[in-house]
Amino acid sequence: MERRGDASRKRPSTGDEEQIARPSSKRRGGIYVPPYRAIAEDDDAGEFGSTEYQRRSWNALRKSITGLVNKATAANVRHVAPELLAENLVRGRGLLCRALLRSQAACPDFTDVFAALAAVVNARLPCVGRLLLVRLVLRVRRAHASGNRHQLAAAAAFVAHLVNQGVAHDLLALELLALLLDRPTDGTVEVAVGFARECGAALGESCPRGLDAVFDNLRGILHDGDIDKRVQFMMEDLFAIRKARFRGHPPVRAELDLIEADDQVTHQVELSSSLEHGDELDPEVHLDVFEPSPSFAQDEAAYEDLKRTILGSAGDENLDQDQDQDQCSDDDDEASGDESAETELTIRDDTDTDLINLRRTIYLTLMSSVGSEEAGHKLLSVVRPGQELELCTMLVECCKKEKSYTSYYGRLAQRLCAIDRAYQAGFEACFAGQYSAAHRMATDELRASARLYAHLLAADALPWHAILGRVWVTEDDTTSSSRIFIKMLFQDLAEQLGIRALSNKMNGEDTAVRDALFPRDCAKNTRFAINFFTAIGLGGVTEDARKLIV
């Protein structure tokens, strides 16, 4: 198996370097041969089109494809794809599919990158995408039949991202989920949960009824309780993700969205065996080994023409970006020179003077107002649509700078949240910033910020899942400063709501709040959350969570 770390340093060879990279036709038995002698021997091996020349060309193509696949990342896949298309992928389509499958199995974290690379190639050469899907489906069959959970999980993740990219049809995803949940075990259900998490957003858009049927099946398995507790926790997390409409799990990341939906070619490959119909899938394994071709010269010339067509259409996107930028800058200079005589010059102020003035006005209004109602009336006349976040940020910062917390800021924030949903979104964004930067704040600032948000939560001015869903009470996800923040927040909530009402809020039907405050992924995290709330004097809210570890 190719190592990713070693292969990532390879580059496609050109010129003399390509000749050095190509092994000699003579077997040297592991003896070191200087590069100049290797070049001389390769030149004498045969002329263009001979069997030995084709073998050397095949070995160079294999090394180049493997190196390009292994060096692909989310940051450079846009540049690796044109380099890969420059190779003869019609001749090397078997090599490309083998390299993609091996690299994805070795590095599952890069599955979305390999799927994006396959999507680019499939849009230009659909035969490559279909061959990759056929081999992937056969790998899923073998892994499921043999019970190899790790290989099955890796192959299922690849299928999920190919569905997200539009290379595979949605029916393949539903068929795979039906296969995994037909006879549920701990391994197959875990793979199904991971698969649904990866491509659930795409299936929800294209075939929502099929996704509903899958989740109904998962719900029945969860109610039966025949699977491991760890897998049950994973299923509950999946239901919470679906309830949030797969927020945080987009089908395709922005940097990997390289192909327009109209340009993509979607293949429909059936997972179930079709031997009775005589159309069993053919992996075409003969494409992975060298076979001399009598029409080698004609095939190479035909791909050169095809390459000019492909890269000519893709050049504006990837290959000639620097030249395009230079030309665009020259065109912009010329256009600006022509338009200067016809239109007036537009001056843009990048010093943020308006923003500074707005913040100054907000600060002076907050400091000079007698009560929250007066401040709210004045601020609403100053802030324009789109500036709500600045007002929320200034209010939180002014509250932190006070020597002690005053309810003036809490009542003002509650009034703003009741007026417009945009202010709720602004305070939610501010909470995310305050919680992530808790280690940079002093104790008084932590106390003021915690009491402000406790006031908003107690008054239901902010949704609990949007605030507390970000607070994962585990040893790994919290720091000493963030634990102080959480302590002050919940102690103030207990004073305002009471232990019973607070417990109902924390252990209610809102799974996002419950699973964040009392994580259920493992007993260690659940026990840590119980001990934490007990240590800060809120043991009454842990009664439901204690039942999980009994």
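Q: Buried means under 20% relative accessible area. What makes Ala123 count as buried in this model?
A: This is a predicted model, and in it the relative accessible area of Ala123 is 18%. That value is under the 20% limit, so Ala123 is called buried. Ala123 belongs to helix 7, which covers residues 111–124.

Q: Which residues does Ala123 touch, leaving out those up to four places away in sequence?
A: Ala123 touches Ile259, Asp263 and Gln264. For Ile259, the separation is 136 residues in sequence, while the C-alpha to C-alpha distance from Ala123 is 7.6 Å.

Q: Why is Pro126 called partly exposed?
A: Partly exposed covers the range between the buried limit of 20% and the exposed limit of 50%. Pro126 has a relative accessible area of 31%, so it belongs to that middle class. Its place is in helix 8, residues 126–146.

Q: How far apart are Pro126 and Val265 in sequence and in space?
A: They are 139 residues apart in sequence, yet 6.5 Å apart from C-alpha to C-alpha. Setting aside residues up to four places away in sequence, Pro126 touches Val265 and His267.

Q: What do the totals for the chain say about burial and contacts?
A: Of its 550 residues, 45% count as buried. Taking contacts between residues at least 6 apart in sequence, 75% join residues at least 24 apart. The chain has 27 helices and zero strands.

Q: How do you know that Cys199 is not in a disulfide with Cys207?
A: A disulfide needs two cysteine sulfur atoms within 2.5 Å. Cys207 holds the cysteine sulfur closest to that of Cys199, at a distance of 8.8 Å, so the pair is too far apart for a bond. By this rule the count is zero disulfides.

Q: Are Cys199 and Cys522 buried, partly exposed or exposed, and what makes each of them so?
A: Cys199 has 0% relative accessibility and therefore counts as buried. Cys522 has a relative accessible area of 29%, which puts it between the 20% and 50% limits and makes it partly exposed.

Q: Why are helix 23 and helix 26 called oblique to each other?
A: Helix 23 (residues 480–497) and helix 26 (residues 523–535) cross at roughly 60°, and their axes come within 11 Å. Angles under 35 degrees would count as roughly parallel, and roughly perpendicular starts at 65. The crossing therefore counts as oblique. Its hand is right-handed. Helix 23 contributes Arg483, Ile486, Lys487 and Phe490 to the contact, and helix 26 contributes Phe528, Phe532 and Phe533.

Q: What makes up the contact of helix 23 with helix 26 by class?
A: The contact has five nonpolar and two charged residues, with no polar ones. Phe and Ile count as nonpolar, while Arg and Lys count as charged.

Q: What makes helix 19 oblique to helix 21?
A: Helix 19 (residues 407–419) and helix 21 (residues 443–458) pack at about 45°, with their axes 9 Å apart. Since that angle is neither under 35 degrees nor within 65 to 115, helix 19 is oblique to helix 21. The crossing is right-handed. Tyr409, Gly410, Arg411, Ala413 and Gln414 of helix 19 meet Leu452, His455 and Leu456 of helix 21. By class, the residues of this contact are four nonpolar, three polar and one charged. Gly counts as polar here.

Q: How do helix 4 and helix 6 cross, and at what angle?
A: Helix 4 (residues 51–70) and helix 6 (residues 93–106) cross at roughly 35°, their axes coming within 9 Å. This crossing is right-handed. From helix 4, the residues in contact are Trp58, Leu61, Arg62, Ile65, Thr66, Val69 and Asn70, and from helix 6 they are Leu95, Leu96, Arg98, Ala99, Leu100 and Ser103. They divide into eight nonpolar, three polar and two charged.

Q: What is the phi of Phe246, and what of Glu284?
A: Phe246 has a positive phi of about 55° although it is not a glycine. Glu284, which is also not a glycine, has a positive phi near 55°.

Q: Where are Phe246 and Glu284 found, and why is one buried and the other partly exposed?
A: Phe246 is in the loop between helix 13 (229–243) and helix 14 (296–319), and Glu284 is found in the loop between those helices too. Phe246 has a relative accessible area of 9%, so it is buried. Glu284 is at 24%, over the 20% limit but not over 50%, and therefore counts as partly exposed.

Definitions and conventions:
Residues are numbered from 1 along each chain as its sequence is written. This is a predicted model: local features need pLDDT of at least 70, side-chain atom pairs count only at pLDDT 80 or more; totals for chains, interfaces and linings use all residues. Side-chain values use heavy atoms; hydrogens and water are left out. Buried means under 20% relative accessible area, exposed over 50%, partly exposed in between (1.4 Å probe, protein chains only). Axes are lines fitted to C-alpha atoms, for helices over the stretch in contact, and angles run from 0 to 180 degrees between N-to-C directions. Helices (H or I, at least four residues) and strands (E, at least two) are DSSP runs, numbered from the N terminus. Angles under 35 degrees count as roughly parallel, over 145 as roughly antiparallel, 65 to 115 as roughly perpendicular and the rest as oblique. A crossing is left-handed if the near helix is turned anticlockwise from the far one by less than a right angle, and right-handed if clockwise. Contact means heavy atoms within 4.5 Å.
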